[in-house]
Amino acid sequence: MRRATLRPDLAVLTMAGLLDARPRVGYFYDGKKPGLLAAKEVHRLAVDTVKAVPVVVRGGTSVYDCIVALFTEDIGTLFIVSETGYLEGVVSRKDLLKVAMGGVDLPKIPVRVVMTRVPNVVTVRGGESVYEAARLLVEREIDALPVVEPETASGKEALRVTGRFTKTTVTRIFVELGEPSKTL
Ligand code: ADP
């Protein structure tokens, strides 16, 4: 195929590897659908298979100790749980920064005072797809989701925290899907 016959309108498809161009054959579909395969994969992959270990603290933990935990655990969001391990709230790095800017005595303020609390916490079940979890992060403009399984505790529904799904998790999936030789 001479240069003159290359069609600029198909450039995106050839660059994406979906179409190939050969002399005397013209454009042809080479059978690979990387975009579609990746799309299928994110709907098929369950949150449980990629979730990270949750970092949890109790509601009585001071704001000071929560800030220390962000550094020692190298994370951006902490989950607050009850004595029995059920979700009570979340606190983000900016929540903590806001308190710190108030010039208050950080070791004296329990995190339960500043956290976003259940039922306002957006969560995801382990059986949901990573697409659904990532969609929630984008739609709700948050960085992290507690992965939970509902249980009944003293006649009420409570959420057991089993993991953490964050923007970092999404980035890691993205990179792995981009590697041609790797399947998740
Ligand atoms: P940051 O504010 O540090 O950039 P986020 O964007 O995750 O981090 O948090 C924005 C706000 O949303 C914070 O007030 C935080 O408490 C709250 N938040 C964080 N994660 C969740 C969640 N899973 N469900 C509900 N609210 C959340």
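Q: Helices (H or I, at least four residues) and strands (E, at least two) are DSSP runs, numbered from the N terminus; going by those, where does Glu-141 lie?
A: This is a predicted model, so to speak a computed picture throughout. Helix H5 runs over residues 130-140, and strand E8 over 144-153. Glu-141 comes just after H5, which places this residue in the loop between H5 and E8.

Q: Is Glu-141 buried or exposed, and at what relative accessibility?
A: To count as exposed, a residue needs over 50% relative accessible area. Glu-141 clears that cut-off, so it counts as exposed, at a relative accessibility of 71%.

Q: What phi does Glu-141 take?
A: Most residues other than glycine have a negative phi. Glu-141 isn't a glycine, yet its phi is positive. The value is about 55 degrees.

Q: Which other residue that is not a glycine has a positive phi, of about 45 degrees?
A: Look in the loop between E8 and strand E9 (156-166). The residue there counts as exposed, because its relative accessibility is 79%. With a positive phi of about 45 degrees, this is Ser-154.

Q: Which residues does the cis peptide bond join?
A: Most peptide bonds are trans. Here, though, there's one with an omega of about 15 degrees. Its proline sits in the loop between strand E6 (116-117) and strand E7 (124-125). The bond joins Val-118 and Pro-119.

Q: Around the axis of H5, how wide an arc do the buried residues cover?
A: The buried residues of H5 are Val-130, Ala-133, Ala-134, Leu-136 and Leu-137. An α-helix has 3.6 residues a turn, so residues three or four places apart point the same way. The exposed Val-138 and Glu-139 are on the face turned away from the buried side. As for the buried set, those residues are on the same side of H5 because their arc is only 150 degrees.

Q: Which residues of H4 are exposed on the face turned away from its buried side?
A: Start with the buried residues of H4, namely Asp-95, Leu-96 and Val-99. Their arc around the axis is only 95 degrees, which means they share one side of H4. Turned away from that buried side is a face carrying the exposed Lys-94, Lys-98 and Met-101.

Q: Which element gives the largest share of the shell around the ligand?
A: Strand E5 (87-92), helix H4 (93-101) and strand E8 each supply at least two residues of that shell. The largest share is three residues, and it comes from H4.

Q: How many residues of the shell around the ligand are charged?
A: There are 14 residues around the ligand, and Lys-94, Asp-95, Thr-116, Val-122 and Asp-143 come nearest. By type, the shell divides into six nonpolar and three polar residues, with the charged ones numbering five.

Q: How far does a polar side-chain atom of Asp-95 lie from an oxygen atom of the ligand?
A: Polar contacts here are N or O pairs within 3.5 Å. A polar backbone atom of Arg-93 is 3.4 Å from a ligand oxygen, and a backbone N or O atom of Glu-141 lies 3.5 Å from one. For the polar side-chain atom of Asp-95, the distance to a ligand oxygen is 2.4 Å.

Q: How much of the accessible area of the ligand does the protein cover?
A: On its own, the ligand has 540 Å² of accessible area. The part that the protein covers comes to 82%.

Q: Which element supplies the largest share of the largest nonpolar core?
A: This core has 16 residues, and Leu-78 and Val-91 touch the most other members. Helix H3 (63-73), strand E4 (77-81) and H4 each give two or more residues to the core. The largest share is four residues, from H3.

Q: What does the side chain of Ser-129 reach?
A: Ser-129 lies in the loop between E7 and H5. At 13% relative accessibility it falls under the 20% cut-off, so it counts as buried. At 3.1 Å, its side chain reaches the backbone nitrogen of Glu-132.

Q: How far apart in space are Ala-39 and Leu-177, C-alpha to C-alpha?
A: Ala-39 has its place in helix H2 (residues 34-44), and is partly exposed, with a relative accessible area of 35%. In sequence, Ala-39 and Leu-177 are 138 residues apart. In space, their C-alpha atoms are apart by 9.6 Å.

How values were computed
Residues are numbered from 1 along each chain as its sequence is written. This is a predicted model: local features need pLDDT of at least 70, side-chain atom pairs count only at pLDDT 80 or more; totals for chains, interfaces and linings use all residues. Side-chain values use heavy atoms; hydrogens and water are left out. Buried means under 20% relative accessible area, exposed over 50%, partly exposed in between (1.4 Å probe, protein chains only). The arc is that of the directions from the helix axis to the C-beta atoms. A residue is near a molecule or strand if one of its heavy atoms lies within 4 Å of it. A polar contact is a pair of N or O atoms within 3.5 Å; within protein, one must be able to donate a hydrogen and the other to accept it, and residues adjacent in sequence count only if both atoms are side-chain atoms. Accessible areas come from the Shrake-Rupley method with a 1.4 Å probe; for residues, only the protein chains shown count as cover. Ala, Val, Leu, Ile, Met, Phe, Trp, Tyr, Cys and Pro count as nonpolar, Asp, Glu, Lys and Arg as charged, and the others, Gly among them, as polar. A nonpolar core is a set of buried Ala, Val, Leu, Ile, Met, Phe, Trp, Tyr and Cys residues joined through side-chain atoms within 4.5 Å.
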